[in-house]
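Here is a friendly walk through a structure you may be seeing for the first time. Have the sequence and the 3D view open as you read.

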Number of protein chains: 2
Amino acid sequence: VLPQGSLSLHPPGTYVVVFTSRLDAGETPADYAGTSARMFELAARQPGYLGADTAREEAGITVAYFRDEESVRSWREMAEHRVAQERGRDEWYSRYTMHVARIERSYEFDRA
Amino acid sequence: VLPQGSLSLHPPGTYVVVFTSRLDAGETPADYAGTSARMFELAARQPGYLGADTAREEAGITVAYFRDEESVRSWREMAEHRVAQERGRDEWYSRYTMHVARIERSYEFDRA
């Protein structure tokens, strides 16, 4: 399950959560991939969630967009998501950072 | 040349530029990789540039951190960078979005 709304433009005032991580093993454990896919599924049902992009090479980067601070907070506190966060810290990640930021300017380019 | 400062924590008030892109060809042209590496080299010399992370799968995602709005602007207007931006639109990207956002909250986790 890849995130929906890939490469979408979001207006000023929207929030972006930037999550960068390094996996413990250096590669993706099978149960990590399953949990990650499940989280994108759940997020898509979360009010105020606007979409996300994700890619992993040396670092994994996920950027997720939300309508406002309240929807960022609701997603963080969602029960099944909290369980996944805890498994992340206990089992999968050697390091991560998260930055919650308010969008001030947006640009897009489309060849078409 | 990979960006320095990978997975660093940046304080509230710092700026993050989120650049997501899709390549025209679906894969990385050789001259694209060279220009991209050169841009990370140049950015590292830019006052106010604090580091970046980058990864590409279906989408490419680069998140670059800056001290303030002024340093975001200086980097955008830097001559050799402007040439690369134009080549990006003319030759490499089918689509991209850029979001300039002000960090409000930051978290990190480190197993160590």
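Which strands and helices do the buried residues of H2(A) pack against? In chain A, the partners are strand S1 (15-23), helix H1 (30-43), strand S3 (60-66), helix H3 (79-92) and strand S4 (93-110), and chain B joins in with its own strand S4 (93-110). Keep in mind that this is a predicted model.

**Chain A as a whole**

Let's step back and take in chain A. It has 3 helices and 4 strands, and if you read along the sequence they come in the pattern β-α-β-β-α-α-β. The C-alpha trace of chain A spans about 40 × 30 × 25 Å along its principal axes. How does the radius of gyration of chain A fit a compact globule? A compact globule with 112 residues would have a radius of gyration near 13 Å, and chain A has 14 Å, which agrees.

Now for the inside of the chain. Of the 112 residues in chain A, 47% are buried. Take the contacts in chain A between residues at least 6 apart in sequence: 76% of those join residues at least 24 apart.

**A look at helix H2 of chain A**

Back to helix H2 of chain A, residues 69-77. Its buried residues are A:Ser71, A:Val72 and A:Trp75. Where on the helix do they sit? Looking down the axis of H2(A), you'd find these buried residues within an arc of 105°, so they line one face of the helix.

**Where H2 meets H3**

Two packed helices are described by the angle between their axes and the distance between the axes. For H2(A) and H3(A), the axes come within 5 Å and cross at roughly 65°. That crossing makes H2(A) roughly perpendicular to H3(A). On the H2(A) side the residues involved are A:Trp75, A:Arg76 and A:Glu77, and they meet A:Ala79, A:His81, A:Arg82 and A:Gln85 in H3(A). Sorted by class, this contact has 2 nonpolar, 2 polar and 3 charged residues.

What about chain B? There, helix H2 (residues 69-77) and helix H3 (residues 79-92) have axes that come within 5 Å and cross at roughly 65°. H2(B) and H3(B) are therefore roughly perpendicular to each other. The contact is built from B:Trp75, B:Arg76 and B:Glu77 of H2(B), together with B:Ala79, B:His81, B:Arg82 and B:Gln85 of H3(B). Its tally by class is 2 nonpolar, 2 polar and 3 charged residues.

**A few residues to click on**

Start with A:Leu42, which is in helix H1 of chain A. Is A:Leu42 buried or exposed? With a relative accessible area of 5%, A:Leu42 is buried. Leaving out residues up to four places away in sequence, A:Leu42 touches A:Trp75, A:Met78 and A:Glu80. A:Trp75 is also one of the buried residues of H2(A).

Next, hop over to chain B and find B:Tyr49 in strand S2 (residues 49-56). Its relative accessibility is 14%, and B:Tyr49 counts as buried because the cut-off is under 20%.

B:Arg89 is in helix H3 of chain B. This residue is partly exposed, with a relative accessible area of 29%. Which residues does B:Arg89 touch, not counting residues up to four places away in sequence? They are A:Phe109, A:Arg111 and B:Tyr96, so to speak a mixed company from chains A and B.

Last comes B:Ser94, found in strand S4 of chain B. Again not counting residues up to four places away in sequence, B:Ser94 touches A:Phe109, A:Asp110 and A:Arg111 from chain A, along with B:Arg22, B:Leu23 and B:Asp24 from chain B. A:Phe109 and A:Arg111 also turn up among the residues that B:Arg89 touches.

To finish, here are some separations you can check in the viewer.

| Residue pair | Apart in sequence | C-alpha to C-alpha |
|---|---|---|
| A:Leu42 and A:Glu57 | 15 residues | 24 Å |
| B:Tyr49 and B:Val72 | 23 residues | 7.9 Å |
| B:Arg89 and B:Glu77 | 12 residues | 16 Å |
| B:Ser94 and B:Gly13 | 81 residues | 32 Å |

Terms used
Residues numbered from 1 in each chain as written. Chains lettered and ligands numbered in written order. Predicted model: local features only at pLDDT ≥ 70, side-chain atom pairs only at ≥ 80, totals over all residues. Heavy atoms only, no water. Axes fitted to C-alpha atoms, helices over the stretch in contact; angles between N-to-C directions. Helix = DSSP H or I, 4+ residues; strand = E, 2+ residues; numbered from the N terminus. Parallel < 35°, antiparallel > 145°, perpendicular 65-115°, else oblique. Contact = heavy atoms within 4.5 Å. Nonpolar A, V, L, I, M, F, W, Y, C, P; charged D, E, K, R; others polar. Buried < 20%, exposed > 50% of the residue type's maximum accessible area, 1.4 Å probe, protein only. Arc of directions from axis to C-beta. Rg over C-alpha atoms; globule rule 2.2 N^0.38 Å.
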